[in-house]
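Please open the model in a viewer and keep the selection panel at hand. The tour proceeds from the interior to the surface.

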Amino acid sequence: MSSGCLETPQATPAAIDEDALLAYGWSQVSIEENSFEQAVTDSTSIFLNSTTVKYHNDRLSEDISKQVSDFKESNSLPVSIMIPENLSAQLITYRLSLPSGIKLPTGLVSKIMEQKIDEIEANNDVGKQQESTTRKLVLADGTETIVKIFSASGNSTESGMRMLGFVTAFENEDTSTIVVGFVPDGEYRVEVWPVNETLFSIDGNRELDEMLELLSTIE
């Protein structure tokens, strides 16, 4: 099929249930719509519409702030402690709308998934993946999807934390959906003489389970 032969419908956002967001203390940060041309073969391309929705864990950010405040108070530190702004959990849904009857090749979906992971790693100073497992998840409409869960080295602050993340993809008749999530895991240590202790800690596995619960509400 040559580029632009069939009309591509707008991509409906892959939205997380609002009640679930409220229950877990998350919020929607942004929603962005785009259109672009994607090569399917060397001689064939199609127009795709995409909608990206970004979510942020407000509850976790507030918990980190409280731990930092308690730490400063208990150690009587007169200096401020700077925490990286991106040090929290985030979840991004990315939905592609295709011309009717067109399916993206599996290899192309995998390539787009890898691109999204690379973008998040670059924007959040996350190292390359170190290990991974898979988990089966059932979505709100009964669709089963395989979630790849992985760990990665922490950010350049050398705080001792690592990052946990996941990526999955699923499709229906006219859309393909990719979901990516990241969360810090472990203890964030700080050295402010004469203190060398844990500033705050995050149970990344618990947070990741919560993120998968949110993911399961997407239709």
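Before the interior, select Asp141, which sits in the loop joining strand 4 (129-138) to strand 5 (144-153). The model on display is predicted. Asp141 counts as partly exposed because its relative accessibility is 49%. This residue will be met again at the end of the tour.

**The nonpolar core**

Next, select Trp26, Leu91, Phe166, Val183, Phe200, Met211 and Leu215. These are the residues with the most contacts inside the largest nonpolar core, a set of 36 residues. Colour the chain by element to see where the core comes from: two or more residues are given by each of helix 1 (18-24), strand 2 (45-57), helix 2 (58-75), strand 5, strand 6 (162-171), strand 7 (175-192), strand 8 (195-202) and helix 4 (204-215). Which element gives the most to this core? Helix 4 does, with five residues. In soluble globular proteins, nonpolar side chains tend to be buried together.

**Salt bridges at helix 4**

Now display the charged side chains. The model holds eight salt bridges. Select Arg59 and Glu207, whose closest N and O atoms are 2.9 Å apart in a salt bridge. This pair links distant parts of the chain, with Arg59 in helix 2 and Glu207 in helix 4, 148 residues apart. Is each partner buried or partly exposed? Arg59 is partly exposed, because its relative accessibility is 27%, whereas Glu207 is buried, because its relative accessible area is 2%.

Move along helix 4 to Asp209, whose side chain meets that of Arg135 in a salt bridge (3.1 Å, N to O). Arg135 belongs to strand 4 and Asp209 to helix 4, so this pair ties together parts that are 74 residues apart in sequence. Both partners count as partly exposed: Arg135 at 38% relative accessibility and Asp209 at 37%.

Add Arg206 and Glu210 to the selection of Arg59 and Glu207. Salt bridges with shared partners join these four residues, Arg59, Arg206, Glu207 and Glu210, into one network.

**Lys136 and Glu144**

Select Lys136 and Glu144, whose side chains form a salt bridge at 3.7 Å, N to O. Lys136 counts as exposed because its relative accessibility is 53%.

**The negative patch**

Finally, show the surface and return to Asp141. Which residues gather with Asp141 in a patch of negative charge? Select Asp17, Glu18, Asp19 and Glu219: together with Asp141, they make up this patch on the surface.

Key: Residues are numbered from 1 along each chain as its sequence is written. This is a predicted model: local features need pLDDT of at least 70, side-chain atom pairs count only at pLDDT 80 or more; totals for chains, interfaces and linings use all residues. Side-chain values use heavy atoms; hydrogens and water are left out. Patches are made of residues with over 30% relative accessible area and no salt bridge: like charges are joined within 9 Å, nonpolar side chains (Val, Leu, Ile, Met, Phe, Trp, Tyr) within 5 Å. Accessible areas come from the Shrake-Rupley method with a 1.4 Å probe; for residues, only the protein chains shown count as cover. Lys and Arg count as positive and Asp and Glu as negative; His and the chain ends are not counted. The place of a charge is taken as NZ of Lys, CZ of Arg, CG of Asp or CD of Glu. Helices (H or I, at least four residues) and strands (E, at least two) are DSSP runs, numbered from the N terminus. Buried means under 20% relative accessible area, exposed over 50%, partly exposed in between (1.4 Å probe, protein chains only). A nonpolar core is a set of buried Ala, Val, Leu, Ile, Met, Phe, Trp, Tyr and Cys residues joined through side-chain atoms within 4.5 Å.
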